[in-house]
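Work through the exercises below with the model open. Try each task before you read its solution.

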Amino acid sequence: MPHRTFLWFILPSLVAMILFIALPIGSVIVQSLFVEHTQVLIVSESCGPFGCTETTSIDVEATAALQAAEPLGRFNGLGTYFDRNHLASLEVSQAWSSSASIAEFFSRLMNLPFYSALAFTMTYTFVVTPLVIVLGLFIALGVNSLPQFAKGPTIFVSLLPMIITPLIGSLILFWMIDARGIIGSTLQALFNDGSLSLKASPVLTWITLIVYGVWHSAPFAFIVFYAGLQTVPEDTLEAALIDGASRWERVRYVVIPYMAPLVVFIALIQLMDNFRVFEPIVGFSAQANATSLSWIIYNDLRGDTQQFGSAAATSVLTILGVCVLLSPVLIRTWRDFNRKRA
Amino acid sequence: MTPTKMTALATVMVVLSGTTAMAGCGITAGNVSILSNDFAALNAVAAGAMECAGDRVTVTANQTTEHRDLQVAALTANPAQYTTAVVANSSIVPLLSAGLIRPLDDLVAEHGAGLKPTQLITIDGQVMAIAFMANAQHLFYRSDILAEVGLDAPTTYEEVLAAAEAIRAAGIMEYPVALNTGAGWNLGEEFVNMYMGYGGEMFVPGTAQASVNDEAGVAALNMLKALTEYSNPDFLTFDSNGTSALWEAGEVALATLWGSRAGTLLDDEGSTPEVVENTALAGAVTTGGGTVPATTLWWDGFTISANISDEDAEATFIAMLNGISPEVISANSDAAVWLGEGYEPTPAAVGVFASATAGAVPYPMSPFMGLMHSAAGDNLAEFLQGSESAEQALADIEAAYTTAATAQGFLQ
């Protein structure tokens, strides 16, 4: 395709990408370099139903003047990135120099909000992604060998976890694992332990969230693999059959190599999605035991004081994290592409 | 559509507009749009304001528990998305700080003859909001269960712990205590309440410098932990809905809950007669030998947006006054502790009144309190689970607060 034609061909999506992806990211990066103006505080008397008290408040006019002069706020450079609520460079180096052992350093690191969120985010990503791929493949193989009439209903039921909105799905499970819910009380009866609760300890909460993640995402892998299975060449499979290959050998040596590009595709999408894990933490009210980078952004933007600079810095760090995660897969794809072209 | 049907429809419309025009509350024209939290008392207020809808007056309401996250952006728009935001002592702060609400002195002088002076929230001499209800967390207890273990209603948290132990020892309940200890805003509120009960000062007076890492802080945390040891292991997920459900299910006997929940817990819906009849209310308890109840007093009131026309502001003020009229209040006296005329205290109000008369302090209205509240709510879970010391948890709160307050420009 000539370059000119190609340009016209991709122009609409290029414009959309610049408008809806590049510009917002650019604005977030700019925002992350600024913090709020120094607040002009005044102390005055405030009265209400419970009497009068001295109250500190913000001088609205003075603040408005500051904002009009510099609408973005005070320039802070990369200061926000390295403060305690983000990369915490000072706290980390202090912990490193004053900790007697790696374990102590690690526990002090986990006390910092960014790193404890990163720990859960990474664990979630690297446990859920492979499990989703393996489980999705097995469901696809299972469904593919069903008789024709049973396929439709089975596919529908298998897709349900993905069809249900993540927030609703996690809320439903949250109520089911409640001490008085069906799963919660069954587990208590099973282990004969009245105080067993999936919501109470960090370990059990992490396991619950990971199980939820696999339950929610497996249908995606399943449907991609199922579509892929329909295109596996019949003659190669028949040749393997004639050579005396067992069912497992046919899957291992014909189906899986054939579907390798799909595995890369699913891994790519799942790494990105799982790194941004968010809804289950809200749905399961899990913030006491598990937080993620996306959850930190959400938490910064909620409540009576919205912390835009802090949320923007975490957003940029999340984008960088996704880039680092995807780089091995992308480099591999790029090499394959070059090899094919050569 | 046939001509006859058209005529009939037109007649109906004329009749409808005729009746609504009469219910205009004396407003000639204007738009009223309400943004508020979503609970029974506020629903009644909004319904009362909606009665003013008429010929050239529109009244709409968005009642959502997420109102705090909407209000600043919605009122910054010009013209503002809502003509009134219903706020509490904490949520009025961001609106005040950004200058998004207007002084109400003129409107009060013209239309506010029926308001009591205590309802006027004045800041630096200007009326900025009209308060209409009070709220506070206080003690709820099951009189039958306390009678079973032979104890009176507790007046201190030490007695609450003793009663909880007696109930557990008697084999009645394993987890008799519930507080709104869900990590986040709720847990932050419990810390603030307890810290106030120990007479603590959140900030170095006159500055935005945090000062929670002191004796009162440690004592407050230890008391919270002692209480959660008598709570269901899920306590870090407890919000008001969760604890109300536990109460109605008859699974707890001692709880510190919001006064605004009393109406729902005392009605005959959602629970058994045994639980409802034995649900008793008392003022918030004291702790650590202190005399001030371990709770904070809250008011709910309405504000008027700055970025709207004077005509809409006046219409909104009149409509909202209609929403808190003596008729609305007397028809809903169970729903809240109303501050206006027409309120006859009901059994549901006992706890809030007792807490206020015992000298509970109002929740601080300073612009950096929200950051401290969030920092507390986000950093106490590990301590309550036993994997961190009280001093470390308090140091974490101060560090998280200091970082956020520096970025927000409150600290240098």
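**Exercise 1: a helix in chain A**

Check whether the end-to-end distance of helix α10 (residues 202–229) of chain A agrees with its number of residues.

Solution. This is a predicted model. Start with the count: α10(A) has 28 residues. At 1.5 Å a residue, the helix should span 40 Å. Now take the end C-alpha atoms: they are 39 Å apart, which agrees with the expected span. Next, look along the axis. α10(A) bends by about 35° at A:Ser217. A proline, A:Pro219, follows within four residues of that point.

**Exercise 2: the spread of chain A**

Decide whether chain A is a compact globule or more spread out.

Solution. First list the elements: chain A has 16 helices and 4 strands. Then apply the globule rule: for 342 residues it gives 20 Å. The radius of gyration is 26 Å, well over that value, so chain A is more spread out than a compact globule. Finally, box the C-alpha atoms along the principal axes: the box is roughly 90 × 70 × 50 Å.

Check the confidence as well. The mean pLDDT of chain A is 91, and 100% of its residues reach 70 or more. Among its elements, helix α6 (residues 113–144) has the highest mean, 95, and strand β3 (residues 51–58) the lowest, 86.

**Exercise 3: the contact between the chains**

Describe the side of chain B that touches chain A, by element and by class.

Solution. Count first: the contact takes 41 residues from chain A and 48 residues from chain B. Next, find the elements of chain B that give two or more residues; among them are α3 (67–76), β4 (120–123), β5 (126–142) and α18 (390–407). α18(B) gives the most, with 6 residues. Sort by class: this side of chain B has 25 nonpolar, 17 polar and 6 charged residues.

Now look for strand pairing. Strand β2 (residues 41–48) of chain A pairs with β4(B) in the antiparallel sense, over 2 bridges. Within β4(B), B:Thr122 is the bridge partner of A:Cys47.

**Exercise 4: two backbone exceptions**

Locate a cis peptide bond in chain B and a positive phi in chain A.

Solution. Recall the background: most peptide bonds are trans, and most residues other than glycine have a negative phi. In chain B, a cis bond joins B:Asn78 and B:Pro79, with omega about 5°. B:Pro79 lies in the loop between α3 and β3 (84–88) of chain B. In chain A, A:Ala88 has a positive phi of about 50°, although it is not a glycine. Its loop runs between α3 (79–82) and α4 (89–98) of chain A.

How values were computed
Residues are numbered from 1 along each chain as its sequence is written. Chains are lettered from A and ligands numbered from 1 in the order in which they are written. This is a predicted model: local features need pLDDT of at least 70, side-chain atom pairs count only at pLDDT 80 or more; totals for chains, interfaces and linings use all residues. Two residues are in contact if their C-beta atoms, placed from the backbone, lie within 7 Å. Ala, Val, Leu, Ile, Met, Phe, Trp, Tyr, Cys and Pro count as nonpolar, Asp, Glu, Lys and Arg as charged, and the others, Gly among them, as polar. Two strands pair if DSSP finds at least two bridges between them. The expected span of a helix is 1.5 Å times one less than its number of residues. The bend at a residue is the angle between axes fitted to the seven residues ending there and the seven starting there. pLDDT is the predictor's confidence in each residue, from 0 to 100. The radius of gyration is taken over C-alpha atoms; the globule rule is 2.2 Å times the number of residues to the power 0.38.
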